[in-house]
Structures are given as C-alpha cells and as structure tokens.
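Biologist: I'd like to learn how to read helix packing and strand pairing. Could you walk me through an example?

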Amino acid sequence: QQPPSLPNRSSEEVLRVQHVIIFPNYEEDEAMMADTLRGIAEAWGSKDFVAVLGMEERESGGRAKASRLEEQFKDSFRHIFSTYHPKGEEQAHLDGSSSEEVPGKASNLRWAVSKAYNKCADELHLDMENVILTVADADCLFHPLYFSHLAAEFRVMKAAPGDQHKWTMWQAPQLPYRNYYISPAPSRVWGYISSVYEFGGVSSLISGGHTMVFSAYSVHMQFAIEAELWDGDVIAEDHHAYLKGFFYSAHHSATQAIRDSKLVGNYASLRGCRPALRVRPVMLPVKSSSVVSAEGYWQTWIARWDQAKRHCQGVSELSYCLLAVWDMLRTLPLSVYNLHFIMQLGKVMLKLLIMHTVSVCQAIALGVLTLYWVLHHRAIPYCPDRIWMASADGDTLLCGLAGAWALTWPVLIPFTLVAVANYRFLWSSFQEPKQECKGHMSLWHSQDGDIPETYGSKTLTLVGLILFDCIVLLGPIMVPYGLIAQLIACWNVCWRGNSFKYVSAAKLMGAGTGPEYGTFEREP
C-alpha cells in the first residue's frame with residue numbers, strides 16, 4: 001500500500017520531513033547490524049534518511065566495523081556516519097555537581113544525538129524544525145511504512161493550530177520474536193510478558209490511555225535537544241527520556257501560564273499548567289530479538305539474568321520522578337495547578353509505581369501468606385480455606401490484603417489471555433506477513449520466528465509451545481527473573497544509585513548461526 005498522504009498536499013511536501021535514525025550499540029554482531037540497516041533501507045523514502053551508528057570508543061575493532069557498514073550502505077541513505085562515545089565522560093547536574101557516566105545506551109545516545117544534531121545542522125544543512133529523530137536498538141526491524149506514517153502524521157500536526165508536532169513522541173509495539181524458536185525458556189517467557197505489557201500500553205493510547213516510550217521510539221529532534229532528553233548516568237534511557245520530556249513540557253507550560261497571568265491579570269492563570277507532551281501510537285510492529293547466547297544453552301540463562309537486572313534497575317526512575325515532583329511542588333505557585341495537571345502527574349507516578357513496586361509487594365505478601373497457610377495445615381485466621389467472592393464483613397481481610405481473594409484456579413484466566421495474545425502476536429505479525437507477501441519480500445516481512453512445523457502444522461507448534469510455557473514455566477521462571485531481580489535492583493539503587501555494570505544482551509539470530517540448542521533438537 002502507498003503511505004498515507006495529506007489532502008491537498010503533494011507527496012514531495014510529505015517527504016520533506018527528514019528522518020535521522022540512531023543505533024546506539026556496543027559489541028553487537030556486525031551481520032545483525034547489517035540486517036537492521038537493510039531493513040531501514042527498504043523503508044519508503046529511505047534515500048532521504050540519515051543513519052547514525054552510535055559506537056563506543058572502548059570497543060575493540062569498533063571503528064573498523066563501522067567503516068565496513070558505512071561502505072556497505074553508503075548508497076542506501078542520504079548520509080550514513082558514525083559517532084564514537086569516549087570513555088570517562090562526566091554528567092553535569094543542575095545543582096552544580098557531576099558524576100561519571102554509566103557506560104550504556106543512555107550515555108551513548110547523549111553523545112550520539114549531540115554529534116548528529118551538529119552534523120545535520122552544520123554540514124548537511126537540514127531544516128531541524130522538520131527532522132524526526134528515531135532511536136533504535138541494533139536488532140530492531142521497522143515496518144517499511146513506519147517512517148512514511150510518521151512523516152504524514154508530523155505534517156498533519158504541523159499544519160494544524162498549535163505546536164503539537166514539537167511535543168510528540170511516537171511509539172510502535174515491539175515484539176521480540178525474530179529468534180523465537182531458538183530462544184530458551186527464560187527468554188521466551190519474558191517475551192510473552194513484555195509483549196503483552198508494551199503492546200497493551202501502546203494500544204491503550206488509542207482510547208486515551210497512558211504509556212511511556214520504550215526501546216525503539218521517535219521524537220522531534222529539536223525537542224530532544226532543547227529538553228536534553230538523555231543523561232549519561234542512568235540505565236533506563238527510554239523511560240528517563242519520557243520523564244525528562246514530560247517535566248520539561250510541564251515547566252514550559254507553567255512558565256507560559258505565569259507569564260500570561262502577569263500580562264492579562266489572573267484570568268490566564270486559571271488555565272494553569274497543561275504539559276503538552278503526548279505519546280502517539282504507531283500500530284506497525286517493530287520486530288526485535290530475545291536474548292540468546294552463542295556460548296550455549298545455560299549461558300543464555302545467565303545472559304537473560306543480566307538483562308533482567310538491567311531492566312529492573314529502571315526502578316531508579318521512580319525516585320527520579322518523585323524528586324522532580326517534589327521539586328515542582330516547592331517551586332511552582334499554586335495558581336498553575338489544576339485537575340488536568342494533577343491527573344497527569346498521578347498517571348506518570350502510578351505507572352512507575354505499579355511497574356516496579358506494586359507487583360513485587362503483592363508477590364511477597366502472597367508468598368508469605370501461602371507459606372504460612374502450608375505450615376499451619378491450611379488454616380489461617382481471617383483467611384478461610386475457600387473464598388468464592390470478596391467479603392465486606394472483614395472475615396477475609398488478611399487474604400484480601402495479600403491478593404488472595406479467590407482460589408488458585410482463576411489465575412488460569414490471565415495466563416490463558418497471555419497465551420492467546422502472544423499466539424495472535426506471533427501469527428499476525430510473523431507468520432501471516434510472510435505467507436501473504438507476494439513478489440518482492442522485505443526483510444521485515446520475511447522474519448517469521450524460524451518456527452518449524454509439527455505434523456505439518458506451524459499452528460500446532462505455536463499452540464503447544466505457548467501453552468506449555470504459560471501454564472508450566474511462566475510462574476516459576478518469573479520468581480528469579482522478576483521478583484528476585486527487582487528486589488536486587490531496589491537494593492542496588494538504595495545503596496549504590498545508578499552505579500551499575502551495563503552488560504549488553506547477546507542476541508543470536510536464526511537457526512544455524514550458532515550451537516544447536518533450541519527448544520527441540522532440529523533434525524539435519
């Protein structure tokens with residue numbers, strides 16, 4: 001299909017929007033990065049794109065790898081170049097202090113975005129007001145129409161009254177199933193949970209929901225520079241970028257409200273602070289990969305553990321958010337607060353609270369109560385052995401507080417929904433595109449998760465594997481990779497802040513590219 005176009009506007013005007021795509025990476029497989037760049041090159045209008053390889057100076061052989069990729073794709077884009085993030089940079093803080101950067105995606109992006117902005121403005125002479133910046137991991141494959149969709153939306157918003165195009169971040173659902181079948185259980189199970197959570201967050205935006213950007217996302221380049229979205233001493237760069245953008249837009253709106261109130265009296269201040277930042281959904285899935293180590297089956301379990309600890313380290317963004325809110329309450333006059341602003345603040349804080357603390361607290365309470373129940377012969381005061389419905393008389397108060405209002409069997413309902421949702425993700429985004437694509441097939445369409453047939457049916461393979469994972473493995477695996485990893489992250493943040501060893505996730509791609517240790521042994 002042709003990309004969406006604007007009424008009464010030429011296609012040339014739509015294509016005038018410039019895309020800059022940055023790939024922060026460290027010791028990533030060169031072939032995988034080449035596939036990612038090839039996927040970008042297959043997008044509509046890719047000849048006008050600027051691709052940036054965010055390399056690390058400390059990577060041995062990084063410059064040679066970047067040079068080979070630049071040479072390979074020099075004719076695919078308007079321009080492709082690399083930045084090299086040096087070791088030992090300092091992150092300056094607003095209070096005048098500074099701290100050493102944490103090697104990782106955030107510090108890499110901070111450096112790469114700054115260098116890319118200067119090069120695009122000074123050497124390539126791009127109109128920075130019409131530049132959309134996209135951040136992508138080295139294994140991400142974007143739908144061929146993703147960037148043309150962004151361009152069309154950007155132009156529509158720019159033509160409308162106001163400046164919403166400057167205050168928008170775009171997010172597509174991300175599905176980590178490119179190497180689905182060769183992924184061991186911990187990687188598959190995390191993929192199920194992550195896909196449902198993130199896809200649900202993105203799709204909720206259609207009906208007025210709230211979510212934060214994650215992993216691969218897009219933003220107006222000028223806004224990214226003015227708000228300084230990325231700091232070098234954080235781990236969860238995506239959530240941190242959203243939070244900085246949100247509080248920057250809140251500060252901008254509050255400042256404007258105060259300025260207006262001084263000009264025309266108190267009437268303008270009644271509107272108060274209305275943060276303009278919005279996340280818009282792009283319902284064209286980004287395909288990525290799960291953790292799979294080339295060093296062997298059990299090494300993948302360790303690599304997935306390292307990734308789980310890194311993801312859970314994002315709990316530090318909750319403390320950052322609370323500190324920013326406290327700072328705001330101390331400095332902004334009461335006249336700028338209104339119901340809309342308070343509700344927006346509540347949504348942002350609640351999202352982080354639920355993500356990192358509520359589920360852990362419930363798991364601990366339910367676990368302790370279950371152990372007590374087993375040791376006391378299934379008899380606990382204020383917790384009868386059967387609970388069919390919630391009670392208002394206080395007889396089941398203890399069980400209610402522990403999250404055990406009902407028997408164990410209803411837990412099968414959300415587990416079943418997770419299984420059904422992930423089956424649909426895998427089938428509609430990985431199987432159907434390849435089966436229905438006729439003629440030339442893009443790299444995005446060709447990625448089907450490498451799922452084999454069982455008795456002549458891929459459906460049977462998918463259903464059997466997903467049901468086994470969700471019913472048998474999901475609960476036990478999420479104890480160490482969810483609960484324990486989150487508790488360790490809370491301890492680390494409490495005592496060491498963001499001092500953390502960033503370990504890049506190993507992502508072996510496809511059968512035959514490494515040792516054979518998939519879910520089932522393949523026949524030669």
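Modeller: Let's take a helix pair and then a strand with its partners, keeping in mind that this is a predicted model.

Biologist: Fine by me. At what angle do helix H2 and helix H3 pack?

Modeller: We compare the directions of the two axes. Helix H2 (residues 30-41) and helix H3 (residues 62-72) pack at about 30°, and their axes are 11 Å apart. Angles under 35 degrees count as roughly parallel, so H2 is roughly parallel to H3. The crossing of H2 and H3 is right-handed.

Biologist: Which residues make the contact?

Modeller: H2 brings Glu30, Met33, Ala34, Leu37 and Arg38, while H3 brings Lys65, Arg68, Leu69 and Gln72. Sorted by class, the contact of H2 with H3 has four charged, four nonpolar and one polar.

Biologist: Now the strand. Which way do the residues of E9 point?

Modeller: Look at the two faces of the strand. In E9 (residues 217-220), Tyr217 and Val219 point one way, whereas Ser218 and His220 point the other way. Are they buried or exposed? All of them are buried.

Biologist: And which strands pair with E9?

Modeller: Here we look at bridges and at the sense of pairing. Strand E6 (residues 131-135) pairs with E9 in the antiparallel sense over four bridges. In that pairing, isoleucine 132 stands opposite histidine 220 of E9. Strand E7 (residues 168-171) pairs with E9 too, in the antiparallel sense over three bridges. There, tryptophan 170 stands opposite serine 218 of E9.

Notes:
Residues are numbered from 1 along each chain as its sequence is written. This is a predicted model: local features need pLDDT of at least 70, side-chain atom pairs count only at pLDDT 80 or more; totals for chains, interfaces and linings use all residues. Side-chain values use heavy atoms; hydrogens and water are left out. Axes are lines fitted to C-alpha atoms, for helices over the stretch in contact, and angles run from 0 to 180 degrees between N-to-C directions. Helices (H or I, at least four residues) and strands (E, at least two) are DSSP runs, numbered from the N terminus. Angles under 35 degrees count as roughly parallel, over 145 as roughly antiparallel, 65 to 115 as roughly perpendicular and the rest as oblique. A crossing is left-handed if the near helix is turned anticlockwise from the far one by less than a right angle, and right-handed if clockwise. Contact means heavy atoms within 4.5 Å. Ala, Val, Leu, Ile, Met, Phe, Trp, Tyr, Cys and Pro count as nonpolar, Asp, Glu, Lys and Arg as charged, and the others, Gly among them, as polar. Buried means under 20% relative accessible area, exposed over 50%, partly exposed in between (1.4 Å probe, protein chains only). Two strands pair if DSSP finds at least two bridges between them.
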